[in-house]
Amino acid sequence: MEKSNDNFFVRRKRAFGHAGRGLRLLAGKEVHFRIHLIAFIVVLAVGWWTGLSTVEWLSIIIVSGLVLAAEAFNSVLERLCDFVSPEYHARIKDIKDMSAAAVTLAAIAAFVTGLIIFIPKLIFPLFS
């Protein structure tokens, strides 16, 4: 519970601390989050190497953030479902599968965005 006499900056620092802990939990315990995070780091390196434009960087950052956020929400929802219903339940399975589908849709959008941005930069110079 937050104390009423805490100032704005103390509360913000505390909130960022909680968010940082959440990121550490995701990166430490969620394999798929780590896979997406590693892919993002690789994409950042390739983007730096190929010299992306500002708009291309923005596109990469937005779709990558979407994938990472979707994976985080999926992980949270799966944990919540397991907590609420530890035993198998068909509805819980449906919920988890739909949540995983959301991550897949975000990942497909990011992949297609990456293809559109990187194919011309990586393939066409070979023919020059």
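**Exercise 1. Is K121 buried, exposed or partly exposed, and which salt bridge does its side chain form?**

Before starting, note that this is a predicted model, in which local features need pLDDT of at least 70 and side-chain atom pairs count only at pLDDT 80 or more, while totals for chains, interfaces and linings use all residues. Residues are numbered from 1 along each chain as its sequence is written, and side-chain values use heavy atoms, with hydrogens and water left out.

*Step 1.* Recall the cut-offs: a residue is buried under 20% relative accessible area, exposed over 50%, and partly exposed in between (1.4 Å probe, protein chains only).

*Step 2.* K121 has a relative accessible area of 26% and is therefore partly exposed.

*Step 3.* A salt bridge requires a side-chain nitrogen of Lys or Arg within 4 Å of a carboxyl oxygen of Asp or Glu, and the side chains of K121 and E56 meet in one, at 3.3 Å from N to O.

*Step 4.* Because E56 lies in helix 3 and K121 in helix 4, this pair ties together parts that are 65 residues apart in sequence. E56, with a relative accessible area of 19%, is buried.

*Step 5.* The helices named here are DSSP runs of H or I with at least four residues, numbered from the N terminus (strands would be runs of E with at least two).

**Exercise 2. Describe the salt bridges of the model, and say where the partners R79 and E30 lie.**

*Step 1.* By the rule given above, the count comes to four salt bridges.

*Step 2.* One of them joins the side chains of R79 and E30, with 3.3 Å from N to O. This pair links distant parts of the chain, since R79 is in helix 3 while E30 is in the loop between helix 1 and helix 2, 49 residues apart.

*Step 3.* R79 is partly exposed at a relative accessible area of 44%, whereas E30, at 18% relative accessibility, counts as buried.

*Step 4.* D82 also forms a salt bridge, with K96 as its partner and 2.4 Å between the closest N and O atoms. D82 lies in helix 3 and K96 in helix 4, so the pair ties together parts that are 14 residues apart in sequence.

*Step 5.* Both partners count as partly exposed, D82 at 40% relative accessibility and K96 at 22%.

**Exercise 3. Compare the reach of helix 3 and of helix 4 with the expected spans, and locate the kink in helix 4.**

*Step 1.* The expected span of a helix is 1.5 Å times one less than its number of residues.

*Step 2.* Helix 3, residues 54-84, has 31 residues and reaches 44 Å from its first C-alpha to its last, which is close to the expected 45 Å.

*Step 3.* Helix 4 has 33 residues and reaches 45 Å between its first and last C-alpha, close to the expected 48 Å.

*Step 4.* In helix 4 a kink of about 30 degrees lies at I116, shortly before the proline P120; the bend at a residue is the angle between axes fitted to the seven residues ending there and the seven starting there.

**Exercise 4. Which elements cover the buried residues of helix 3 and helix 4, and which residues make up the largest nonpolar core?**

*Step 1.* The buried residues of helix 3 include I60, V63, V67 and A70, and what covers the buried residues of this helix includes helix 1 (8-29), helix 2 (31-50) and helix 4 (90-122).

*Step 2.* In helix 4 the buried residues include V103, A106 and A110, and the buried residues of this helix pack against helix 2 and helix 3.

*Step 3.* A nonpolar core is a set of buried Ala, Val, Leu, Ile, Met, Phe, Trp, Tyr and Cys residues joined through side-chain atoms within 4.5 Å. The largest one has six residues, namely V63, V67, A70, V103, A106 and A110, and helix 3 and helix 4 each supply at least two residues of this core.

*Step 4.* Contact means heavy atoms within 4.5 Å; leaving aside neighbours within four places in sequence, V103 is in contact with H36, A70, E71 and N74.

*Step 5.* A second, separate core has five residues, among them L26, F33, L68 and A72. As a general background, nonpolar side chains tend to be buried together in soluble globular proteins.
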